[in-house]
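Please walk me through this structure in the viewer, stop by stop. At each stop, say what to select and what is found there.

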Amino acid sequence: MTNAPIKNITIVGGGTAGWMTAALLSKLLMGRYDITLIESEEIGTIGVGEATIPAIKVFNEMLEVNEAEFLKGTQGTFKLGIEFVGWRDGPHDPTDSYIHGFGKIGIDRLWLHTHQFWLKMREKGMVKHFDHYAICCAAARKGRFTPPDPRRGPPISDLDYAYHFDASLYARYLRTLSEGRGVKRIEGRITNVTLRPEDGFIDTVTLQSGQSIGGDLFIDCSGMRGLLIGEALGVGYEDWNAWLLCDRAYAVPSVNPARITPYVTCTTRDAGWQWRIPLQHRTGNGYVHSSGYTDDQAAVDTLMQTLGGPALAEPRLVKFRPGKRHKSWE
């Protein structure tokens, strides 16, 4: 028996995961398949500020996204790296800071790398902080940015970058892009998943309205709930909380400081770590922490007392389980 060819793809869940999936498939498959995305405004998304890595540029390039339009539509900013504060000596030493910069560090000499020279010269007390020897780190510290230009040679040609953006606005941007390429969006909350009796594959999903939607391939973008892969198909979850202790986060936006940095800041706290993500219109903040080492009120107090500006909303709690599904494809 051979499988029938796939003609209809159904994506369950919106947000960045759902609309990134829809945008990529609608681009790469060039209209040869019918793509439907089901999402519910009632459920909503987390929608915090998002800090990315340079691979997001490759994704956007595959979609043929105009960078200027993307940044405008998502209130995005450029990101040259990640500043880590207090990860060596603890959260009470503000001078303990380094930037993990994107791009290359220095210029390699055959098989020898910059950090090897730096380590040797540090023993002699003849070097500065390591951030001085990476173009993205140096530019980040000065609040500068320029696109990489191969014509100028190193180090400008070696510069690499990513973005900070509003995740909700990114999903909205990709939705417009996807629908323009033929993706059909259906509003509704799924109340039932029907499996085929002969093989246990998903046959249809039923909405609260009673509408039934089928598909030859279903993609689960319903988040931690795992509506299809977990609840319907029974694929279990491997819990990593014994090693990755953080299991929840409080997130809150705040007013931008006078200077917007081209990097995200990750600061250690007593029961986890705190992010600060600068966007054009606000700063995203959050405290990722372990419920086994602090309570909710203490976590909220820590976050609200360490914002870089006045809060623009009440903090929201996001619960999660670190780990992975036993299988990503079923």
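Start with the open sheet of 3 strands, ordered β9-β10-β11, in which the pairing is antiparallel. Its edge strands are β9, residues 190–195, and β11, residues 212–214, and each of these pairs on one side only. Averaged over the sheet and with direction ignored, neighbouring strands are turned by 25 degrees against each other. Bear in mind throughout that this is a predicted model.

Now select β9 together with β10, which covers residues 202–207; the two strands run antiparallel and are joined by 5 bridges. For one point of register, display Val 193 and Val 205: Val 193 stands opposite Val 205, which belongs to β10.

Next, select the open sheet of 4 strands. Its order is β8-β2-β1-β12, and the pairing here is parallel. At the edges are β8, residues 184–187, and β12, residues 217–220, each with pairing on one side only. From one strand to the next, the twist averages 20 degrees.

Within this sheet, pick out β1, residues 8–12, and β2, residues 34–39. These strands run parallel, and 5 bridges join them. Ile 11 can serve as a marker, since its bridge partner in β2 is Leu 37.

Add helix α1, residues 15–28, to the selection. Helix α1 lies across β1, β2, β8 and β12, and runs at about 170 degrees to β2.

Stay on this helix and show the side chain of Trp 19, which lies in α1. Is Trp 19 buried or exposed? Its relative accessible area is 2%, below the 20% cut-off, so Trp 19 is buried. To see what surrounds Trp 19, display the residues it touches beyond four places in sequence: Gly 14, Leu 37, Glu 39, Ala 171, Leu 174, Arg 175, Ser 178, Glu 179, Val 183 and Arg 185. Among them is Leu 37, the bridge partner of Ile 11 already displayed. A distance can be drawn here as well: Trp 19 and Tyr 170 are 151 residues apart in sequence, and their C-alpha atoms are 8.7 Å apart in space.

Return to β12 and turn to the second largest pocket. Which residues lie nearest the centre of this pocket? They are Phe 201, Asp 216, Leu 217, Phe 218 and Glu 330, out of a lining of 24 residues. The volume of the pocket is about 870 Å³.

Colour the lining by class to find 13 nonpolar, 5 polar and 6 charged residues. Then colour the lining by element: β12 and α7, residues 227–232, each supply at least two residues. The largest share, 4 residues, comes from β12, which is also an edge strand of the sheet of 4 strands.

For the last stop, select Phe 84 in strand β5, residues 81–85. Phe 84 has a relative accessible area of 19%; as buried means under 20%, Phe 84 counts as buried. Leaving aside residues up to four places away in sequence, Phe 84 touches Asp 96, Ser 97, Tyr 98, His 100 and Cys 266. Finally, draw a C-alpha to C-alpha line from Phe 84 to Asp 296: these two residues are 212 apart in sequence and 24 Å apart in space.

Definitions and conventions
Residues are numbered from 1 along each chain as its sequence is written. This is a predicted model: local features need pLDDT of at least 70, side-chain atom pairs count only at pLDDT 80 or more; totals for chains, interfaces and linings use all residues. Side-chain values use heavy atoms; hydrogens and water are left out. Two strands pair if DSSP finds at least two bridges between them. Axes are lines fitted to C-alpha atoms, for helices over the stretch in contact, and angles run from 0 to 180 degrees between N-to-C directions. Contact means heavy atoms within 4.5 Å. On a 1 Å grid over the protein atoms alone, a cavity is a set of points where a 1.4 Å probe fits but cannot get out, and a pocket is an open set with protein on both sides within 12 Å along at least five of seven lines; lining residues have an atom within 4 Å of a point. Grid points are joined across faces, edges and corners, and a volume is the space filled by probe spheres set on the points. Ala, Val, Leu, Ile, Met, Phe, Trp, Tyr, Cys and Pro count as nonpolar, Asp, Glu, Lys and Arg as charged, and the others, Gly among them, as polar. Buried means under 20% relative accessible area, exposed over 50%, partly exposed in between (1.4 Å probe, protein chains only).
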